[in-house]
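I opened this entry to record what I looked up in the structure. The topics are strand pairing, the metal site, the pocket and a few single residues.

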Amino acid sequence: MKIDHIGIATNGIEEAAAAYRDVLGIQVTETEEVSGQKVRVAMLPIGESRIELLEATSADSPISKFLAKRGPGIHHIALRVEDIRARLADLKSKGARLIDEEPRTGAGGCLVAFIHPSSTGGVLIELVERGEKTSPD
Ligand code: ZN
């Protein structure tokens, strides 16, 4: 596994992105709305990983709830896996509490699924399976 990205809850991705750019020199390469998760996302690549800035698009977005409880900051860590369905089955067999029993579509068209923090030491973990960028031959 690799760290695919670290998700950061923000009150607004433009303002947060400006801070990353001005303070750390890290640039946003793309922004995207992920309607299934009620968020807008800005990607800031760093090496083979990236920071994912998250902004709620609705009051019942998971990010709205997180901000109300804890304020802006690290929301989740995403691990890249080869076969997300096999991983979920493995986690389930180990008794892990899954937020998503079935993968859903996340930013960039990846398959994603979240594991409940109660099974992972208090940290929300997202599994990410990236689709093939080009079809083989
Ligand atoms: Zn994420």
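I count two strands as paired if DSSP finds at least two bridges between them. I also note at the outset that the model is predicted.

**Entry 1: the sheet**

With that criterion I looked up β1 and β4; five bridges join these strands, which run parallel. I then read two contacts across this pairing. I8 stands opposite L53 in β4, and the bridge partner of G7 in β4 is E52.

I next turned to the pairing of β1 with β5. These two strands are antiparallel and share seven bridges. Within β5, I found A78 standing opposite H5.

Which order do the strands take across the sheet? I traced an open sheet of eight strands in the order β2-β3-β4-β1-β5-β8-β7-β6, and its pairing is mixed. The edges are held by β2 (30–34) and β6 (104–105); each has a single partner strand, so one side of each is left without a neighbour in the sheet.

**Entry 2: the zinc ion**

Which protein atoms serve as donors of the zinc ion? I listed NE2 of H5, OE of E52, NE2 of H76 and OE of E126, at 2.0 to 2.4 Å from the ion. The spacing of these donor residues in sequence reads H-x46-E-x23-H-x49-E. I noted that E52 in strand β4 (residues 49–56) and E126 in strand β8 (residues 125–129) link distant parts of the chain, being 74 residues apart. I checked the burial of this pair as well: E52 and E126 are both buried.

Why is the arrangement of the donors irregular? I looked up the angles that the four donor atoms subtend around the zinc ion and found 87 to 172 degrees. Four donors count as tetrahedral only if all angles lie between 85 and 135 degrees, and the range of 87 to 172 degrees makes this arrangement irregular.

**Entry 3: the largest pocket**

I recorded a volume of about 610 Å³ for the largest pocket. Its lining comprises 34 residues, and P62, H75, I99, F114 and L124 lie nearest the centre. I then listed the elements that give two or more residues to this lining: β1 (2–9), β3 (39–46), β4, α2 (62–70), β5 (73–80), β7 (111–115) and β8. The largest share, six residues, comes from α2. By class, I noted 17 nonpolar, eight polar and nine charged residues in the lining.

**Entry 4: two single residues**

I looked up T31 and found this residue in strand β2. Is T31 buried, partly exposed or exposed? T31 has a relative accessible area of 47% and is therefore partly exposed. I also took the C-alpha to C-alpha separation of T31 and L53, which is 9.1 Å, with their positions 22 residues apart in sequence.

I finally examined K38, whose place is in the loop between β2 and β3. K38 is not a glycine, yet I read a positive phi of about 55 degrees for this residue. K38 is partly exposed, and I recorded a relative accessible area of 31%.

Technical notes:
Residues are numbered from 1 along each chain as its sequence is written. This is a predicted model: local features need pLDDT of at least 70, side-chain atom pairs count only at pLDDT 80 or more; totals for chains, interfaces and linings use all residues. Side-chain values use heavy atoms; hydrogens and water are left out. Donors are N, O and S atoms within 2.8 Å of the metal (3.2 Å for Na, K and Ca); water is not among the atoms, so sites may look incomplete. Four donors count as tetrahedral if all angles lie between 85 and 135 degrees; four count as square planar and six as octahedral if opposite donors are over 155 degrees apart and all others between 65 and 115; anything else is irregular. Helices (H or I, at least four residues) and strands (E, at least two) are DSSP runs, numbered from the N terminus. Buried means under 20% relative accessible area, exposed over 50%, partly exposed in between (1.4 Å probe, protein chains only). On a 1 Å grid over the protein atoms alone, a cavity is a set of points where a 1.4 Å probe fits but cannot get out, and a pocket is an open set with protein on both sides within 12 Å along at least five of seven lines; lining residues have an atom within 4 Å of a point. Grid points are joined across faces, edges and corners, and a volume is the space filled by probe spheres set on the points. Ala, Val, Leu, Ile, Met, Phe, Trp, Tyr, Cys and Pro count as nonpolar, Asp, Glu, Lys and Arg as charged, and the others, Gly among them, as polar.
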